Amino acid sequence: MDKKQLEEKIIQNYQGEEKMMILVFAQWCINHDLNPEELYLRAYPNQTSNVALKEAMELVVPKDEAGEIGDETLLGVLSLFGNDDLAFVVTEEITKMNA
């Protein structure tokens with residue numbers, strides 16, 4: 001495997017993991033009766049459309065069929081990808097739920 005192939009493999013792995021992070025976020029929102037697209041837009045108001053989020057929305061399941069996704073798990077995953085703005089919005093929602 002040459003350097004270019006290795007770089008491409010690393011990029012593909014990152015993109016796959018990023019899609020998983022978005023799916024975890026979307027499912028967490030569904031599990032808590034929140035609209036993932038609205039939360040995402042609050043975090044990133046200048047991004048009118050997110051293709052990866054739309055793709056993730058096709059994969060989420062109803063909350064009664066979904067497994068539990070802990071708040072700390074979601075925040076940890078968002079942190080791994082540097083989604084601090086989205087983590088802030090999620091934290092606001094967690095605070096509202098616990099109030």
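A salt bridge, for today, is a side-chain nitrogen of Lys or Arg within 4 Å of a carboxyl oxygen of Asp or Glu. Side chains of opposite charge can pair when their charged atoms come close. The model on the screen is a predicted one, and it holds 7 salt bridges. I will come back to three of them after the overall layout.

The protein has 5 helices and 0 strands. Read along the sequence, the pattern is therefore plain: α-α-α-α-α. The C-alpha trace spans about 55 × 30 × 25 Å along its principal axes. There are 99 residues, and 32% of them count as buried. The accessible surface comes to about 6,700 Å², with carbon and sulfur atoms supplying 53% of it. Now take the contacts between residues at least 6 apart in sequence: 71% of these join residues at least 24 apart.

Next, helix 1. It runs over residues 3-31. How far should its 29 residues span at 1.5 Å a residue? The expected span is 42 Å, and the end C-alpha atoms are 42 Å apart, so the two agree.

Near the start of the chain there is a nonpolar patch on the surface, formed by M1, L6 and I10. Together these residues have about 350 Å² of accessible area. L6 sits in helix 1, and its relative accessible area of 43% makes L6 partly exposed.

Other residues of helix 1 are covered. The buried ones are M21, I22, V24, F25, A26, Q27, W28, C29 and N31. What lies over them? The cover includes helix 2, helix 3, helix 4 and helix 5. An α-helix has 3.6 residues a turn, so residues three or four places apart point the same way.

Two of these buried residues are worth a look. V24 has a relative accessible area of 19%. The cut-off for buried is under 20%, so V24 counts as buried. Leaving out residues up to four places away in sequence, V24 touches I69 and L74. V24 and Y44 are 20 residues apart in sequence, and their C-alpha atoms are 18 Å apart in space. The other residue is N31, also in helix 1, which counts as buried at 16% relative accessibility. With the same sequence neighbours left out, N31 touches K63, A66, G67 and I69.

K63 brings us back to the salt bridges. Which residue does K63 pair with? The partner is D33, and the closest N and O atoms are 2.7 Å apart. D33 is in the loop between helix 1 and helix 2, and K63 is in the loop between helix 3 and helix 4, so that this pair links distant parts of the chain, 30 residues apart. On the surface scale, D33 is exposed at 58% relative accessibility, while K63 is partly exposed at 40%.

The second salt bridge joins K54 and E37, with 3.5 Å from N to O. K54 lies in helix 3 and E37 in helix 2, so the pair ties together parts that are 17 residues apart in sequence. Both partners are partly exposed: K54 has a relative accessibility of 42%, and E37 has 34%.

The third is between E93 and R42, whose closest N and O atoms are 2.7 Å apart. E93 belongs to helix 5, residues 84-97, and R42 to helix 2, so this pair ties together parts that are 51 residues apart in sequence. Is E93 buried or exposed? E93 is buried, at 7% relative accessible area. R42 is partly exposed, at 38%. This salt bridge does not stand alone: through shared partners, R42, E92, E93 and K96 are joined into one network.

Last, the aromatic rings. How many aromatic pairs does a search of the whole structure find? It finds 1. The pair is Y40 and Y44, with ring centres 4.9 Å apart and planes at 45 degrees, so it counts as tilted. Both tyrosines, Y40 and Y44, are buried.

To sum up, this is a predicted model of a protein with 5 helices. The buried residues of helix 1 have cover that includes the other four helices, helix 2 to helix 5. Of the salt bridges I showed, K54 with E37 ties helix 3 to helix 2, and E93 with R42 ties helix 5 to helix 2. That is all I have.

Terms used. Residues numbered from 1 in each chain as written. Predicted model: local features only at pLDDT ≥ 70, side-chain atom pairs only at ≥ 80, totals over all residues. Heavy atoms only, no water. Patch = residues over 30% accessible without salt bridge, like charges linked within 9 Å, V, L, I, M, F, W, Y side chains within 5 Å. Areas by Shrake-Rupley, 256 points an atom, 1.4 Å probe, with all protein chains shown as cover. Helix = DSSP H or I, 4+ residues; strand = E, 2+ residues; numbered from the N terminus. Buried < 20%, exposed > 50% of the residue type's maximum accessible area, 1.4 Å probe, protein only. Phe/Tyr/Trp six-rings, centres within 6.5 Å; stacked < 30°, edge-to-face > 60°. Expected span 1.5 Å × (residues − 1). Contact = heavy atoms within 4.5 Å.
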